[in-house]
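Let's look at a model together and ask how its descriptions are earned. Each answer sets a value beside the rule that gives it its name.

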Amino acid sequence: MEIIFKHVTHAYEANNPLAALGLDDVSVDIKDKKFTAIIGKTGSGKSTLVRHINALLKPTSGTIMVGDREINAETNNKNLKSLRKNVGMVFQFPESQLFEDTVEKDIMFGPMNFGVSEEDAKTAAHDMIKLVGLDEKYLSKSPFDLSGGQMRRVAIAGVLATHPETIILDEPTAGLDPVGRKEIMDLFKNLQTEGRTIILITHNMDDVANYADEVVVMHDGKKIAEGTPMEVFNNQKLLTDDMLTLPQSAIFAQKLSQKYFNFDQLPITISDLSTEIKRQINGD
Amino acid sequence: MNKLILGRYLPGDSLLYRLDPRGKFLITFYFIGIVFLANNVASYGFLLLFVLFAVYLSKINLGFFLRGLRPMFWLILFTVVLQMFFTPSQHPLWSFGILTLSKEGLVISAYIFVRFVLIIFVSTLLTLTTTPIEISDSIESILKPLKAIKFPVTQVALMLSIALRFVPLLIDETTKIMDAQRARGVDFGEGGLIKRIKSFVPILIPLFVSSFSIAYDLAIAMESRGYKDGEGRSKYRVLSWSTRDTVAAIVMLLITVILLFIRSY
């Protein structure tokens, strides 16, 4: 689903001296079936932004179009199920949402809330546990007996089990080991190539470079830039203003360009970087 | 969740913020005590004026105090209505069975209402202008004499400040877990009673699990920084009693004298 934010402002504690703007007149267009990364410093409004997509937060002013569904300040809390079924959300440290006595029941919890039959929910649990890279034998275990990384996978399976069209990820790999994080990120990339829309909040610029099609940069509740990762990481103004850091490959390229090498645009992934180095060595 | 005004601190700066928390704490309780001395329109009016003046001194919007009344609304209504209809009287204005409405009843229920407002305003004033940690420090300081009878004052104060520290933490945690379960299709406050109660299981269990793990982490963090309770710990926040605190105490005494005078007048 295409998600369009139109002049969205969100004030926390609107009628109170502690009021703070979480979002300040944000207009953004998140494209259908693309992998969009949202980056920005802590407190820049990334999480506030994505919580509007499934109406966990409502705008103080402005509208959000999720497909053909409109969310605005007057949207009430009833009948949000169809919206939330289509927009899956993996929160930071999602393992804190586990509560059932078995992994299977926990994965089935979401689908059953959205009115899926018990049988279908069970099938979904079996499919999803394999999808997130765990053995089916874990289904009968208590989620609280698992390791942190396994709990994370179960929680992600629980969100994917409702087959959402749009998947929002709020730092899904924070605290995972390098192998685990690559597996999880590859999983989401695969889901996107199969036709889902993925929105990823992250502080990891290499993930942005490797996986995202589009990037939105947030700062102080405002959108300050958007574009492809290539455009954003080559935006000199953002870099000199210290609004973002570069992926490893781009940093390496920057250092190389101090000696002998010359890059028109900083390569942002390892493969781009190596092709470019090869070209320049052979060419010179 | 964040609409709870009772017990909440509001950052600010005014005379009331700068008063010594021990003094403020004791004065608040003293004031709640003397509220019960008031017995006529003049004395209640005097106390109400004093509290409104204190609110003015705090430089906090009156709206905050009015919102503090909201969670107590049903309790106040119940008590006031009870007094209104069940005060026995020789000259009832209206009566039906055991219910009697009389002038005395109306006056008493008005007094009770004012009493509630006074007590809630004053305690809201204390919590809005005093950080929880200042309150627990002042409790520790006030309880100090109990050390003589081997009462574990420092431990109690530590428990109190940890408990207070956990309140915002648990509120954040609850909001987070509620959001996560909402995203998985839970509708809080929809359906019948049983369904509503059931919808809290997915919050309570994760909340218990995470508060235990936070408590473990906190204990380890404290031990690894060498925490050992007992005698001779110095204080990071030192409370100091100054002239204005003495003045505040004298004002309270004056109020008591005036109140006693109005009362018997």
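Here are some questions and answers about this predicted model.

Q: Why is chain A called as compact as a globular protein of its length?
A: Start with the parts: chain A has eleven helices and ten strands. Its radius of gyration is 20 Å, and the globule rule gives 19 Å for 284 residues, so the two values are close and chain A is as compact as a globular protein of that length. Along its principal axes, the C-alpha trace of chain A spans about 65 × 50 × 35 Å. As for burial, 43% of the 284 residues of chain A count as buried.

Q: Why is H163(A) called partly exposed?
A: A residue is buried with 20 or more other C-beta atoms within 10 Å, and exposed with 12 or fewer. H163(A) has 16, so it is partly exposed. You can find H163(A) in the loop between α5 and β7 of chain A.

Q: What makes the phi of H163(A) worth a look?
A: Most residues other than glycine have a negative phi. H163(A) is not a glycine, yet its phi is positive, at about 50°.

Q: How do you know whether E171(A) is buried, exposed or partly exposed?
A: Count again: E171(A) has 19 other C-beta atoms within 10 Å. Being buried takes 20 or more, and being exposed takes 12 or fewer, so E171(A) is partly exposed. E171(A) lies in the loop between β7 and α6 of chain A, and its phi is also positive, near 45°, in a residue other than glycine.

Q: Why is α7(B) called roughly antiparallel to α8(B)?
A: The axes of α7 (residues 132-143) and α8 (residues 153-183) of chain B cross at roughly 165° and come within 9 Å. Angles over 145 degrees count as roughly antiparallel, so α7(B) and α8(B) earn that name. The crossing of α7(B) past α8(B) is right-handed.

Q: Which residues of α7(B) and α8(B) meet?
A: Among those in α7(B) are P132(B), I133(B) and L143(B), while α8(B) offers V153(B), L160(B) and L164(B), among others. The residues of this contact divide into nine nonpolar, three polar and one charged.

Q: What makes up the side of chain B that touches chain A?
A: The contact takes 18 residues from chain B and 21 from chain A. On the side of chain B, α8(B) gives the largest share, seven residues. By kind, that side divides into nine nonpolar, five polar and four charged residues.

Note on methods: Residues numbered from 1 in each chain as written. Chains lettered and ligands numbered in written order. Predicted model: local features only at pLDDT ≥ 70, side-chain atom pairs only at ≥ 80, totals over all residues. Axes fitted to C-alpha atoms, helices over the stretch in contact; angles between N-to-C directions. Helix = DSSP H or I, 4+ residues; strand = E, 2+ residues; numbered from the N terminus. Parallel < 35°, antiparallel > 145°, perpendicular 65-115°, else oblique. Left-handed = near helix turned anticlockwise from the far one by under 90°. Contact = placed C-beta atoms within 7 Å. Nonpolar A, V, L, I, M, F, W, Y, C, P; charged D, E, K, R; others polar. Rg over C-alpha atoms; globule rule 2.2 N^0.38 Å.
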